[in-house]
Amino acid sequence: MSEGHTGEGGGRSFRRVAGELRERMASGRYPLNSLLPPQRELADEFSVSRDTVQRVLRELKSEGWIESRQGSGSKVIKSQRIHSPTSSQRPDRVITLGPLISAAFEQPEVALDVYTLTSESLDVHIRLQAERIRSGIIAPERITLRMLLPSESLELPYPRALDDRDAPRLRDRFRTITRRSTESLNHVLRDLEAAKLVPSVELQIRHTPLTPTFKLYVINGGQVLHGLYQVVERELVLDNGEQVRALDVLGLGATLTHHVEDDDPDSAGTVFVDTMRRWYGSVWNLLSERPE
């Protein structure tokens, strides 16, 4: 294996594998009650060590995605579902974030306004779309991404270690995840522009002194995904493999509500989309910090 068991290389591999497996479960590729592939198969697929796979599975178990039993493997027990008032007459319809992002990227112009705690899950989705672009499946002409993230100087209430002695390490972990995901997003989008696969790319990030209590996506101006973060007590896995008990929030696994603007200016969907669009614009414009 090319990765190390600890250190920065191992940390990157851990985040990459964990992010990909979360996305597969959230999108339904690994549906509820299905078993994940065996550890050795996952290690071979991602070119990582069995130790990294085991750390990832411990993380996913602590987040409530899977349950693991000796000799039985790891079973998916949670999937991200998005409630959509427009699909209330079709209870069989499962809506997940992946297809909505994919549909947005199939348009000539892609516009995403995102308010989130970190950009970790967004990085996963953008990377998937970048692969579709490189493969020639889709060819957007312009991508505009604006992100609101909490200021690094802000003392956030989560993740919060149950043992105060672990607090500095959790703060470092959170900042590392945020910076790593942001740098990855910037790298992926700039590479698409440099390779002339997307003629125009605009990425702006502003930091706000607000603690995110919800996740918000405004997609191409006419759709909104909105969901409150769920606070849970769980084990967080550090890059060196050590586990720390903490209060944390679930982002990718949180329930989101999907709202769509329509031709009726008084419909619930149109009003909500307009409200969130205005809220995002007002916060964005009020921030004195320059975009990064």
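Biologist: Of the 292 residues of the protein chain, what percentage count as buried?
Modeller: This is a predicted model, and a residue is called buried when its relative accessible area is under 20%. Of the 292 residues in the protein chain, the part that counts as buried is 51%.

Biologist: How many helices and strands are there in the protein chain?
Modeller: Ile-66, for instance, is found in strand β1, while Thr-270 is found in helix α7. The protein chain as a whole has 7 helices and 12 strands.

Biologist: Among contacts between residues at least 6 apart in sequence, what percentage join residues at least 24 apart?
Modeller: Ile-66 offers a case of residues distant in sequence, since its C-alpha atom is separated by 9.3 Å from that of Leu-32, 34 residues apart along the chain. Leaving aside neighbours within four places in sequence, Ile-66 is in contact with several residues, including Met-25, Leu-36 and Ile-77. For the protein chain, among contacts between residues at least 6 apart, the part joining residues at least 24 apart is 72%.

Biologist: Is Ile-66 buried or exposed?
Modeller: Ile-66 belongs to strand β1, which covers residues 66-69. Because its relative accessibility is 2%, and the limit for this class is under 20%, Ile-66 counts as buried.

Biologist: Which helices are tied together by the salt bridge of Arg-173 and Glu-59?
Modeller: The side chains of Arg-173 and Glu-59 meet in a salt bridge with an N to O distance of 3.1 Å. Arg-173 counts as buried at 11% relative accessibility, and Glu-59 counts as buried at 1%. Since the two residues are placed in separate helices, the pair ties together parts that are 114 residues apart in sequence, namely helix α6 and helix α3.

Biologist: Where does Glu-106, the partner of Arg-132, lie?
Modeller: Arg-132 forms a salt bridge with Glu-106, and their closest N and O atoms are 2.8 Å apart. The pair links distant parts of the chain, 26 residues apart, with Arg-132 in helix α5. Arg-132 is buried, with a relative accessible area of 18%, whereas Glu-106 counts as partly exposed at 46%. The place of Glu-106 is the loop between α4 and β4.

Biologist: With which residue does Arg-277 form a salt bridge?
Modeller: Arg-277 lies in helix α7 and its partner in the loop between β12 and α7, so the pair ties together parts that are 16 residues apart in sequence. At 29% relative accessibility Arg-277 counts as partly exposed, and the partner is partly exposed as well, with a relative accessible area of 32%. The closest N and O atoms are 3.1 Å apart, and the partner is Glu-261.

Biologist: Is Asp-266 buried or exposed?
Modeller: Asp-266 gathers with Asp-262, Asp-263 and Asp-264 in a patch of negative charge on the surface. Its place is in the loop between β12 and α7. Because its relative accessible area is 66%, and the limit for this class is over 50%, Asp-266 is exposed.

Biologist: Which residues form a nonpolar patch on the surface?
Modeller: One member of this patch has its place in strand β10, which covers residues 230-237, and that member is Val-231. The patch has about 240 Å² of accessible area together, and the residues forming it are Leu-162, Val-231 and Leu-247.

Definitions and conventions. Residues numbered from 1 in each chain as written. Predicted model: local features only at pLDDT ≥ 70, side-chain atom pairs only at ≥ 80, totals over all residues. Heavy atoms only, no water. Helix = DSSP H or I, 4+ residues; strand = E, 2+ residues; numbered from the N terminus. Buried < 20%, exposed > 50% of the residue type's maximum accessible area, 1.4 Å probe, protein only. Contact = heavy atoms within 4.5 Å. Patch = residues over 30% accessible without salt bridge, like charges linked within 9 Å, V, L, I, M, F, W, Y side chains within 5 Å. Areas by Shrake-Rupley, 256 points an atom, 1.4 Å probe, with all protein chains shown as cover. Salt bridge = Lys/Arg side-chain N within 4 Å of Asp/Glu carboxyl O. Lys, Arg positive; Asp, Glu negative; His and termini not counted. Charge placed at Lys NZ, Arg CZ, Asp CG, Glu CD.
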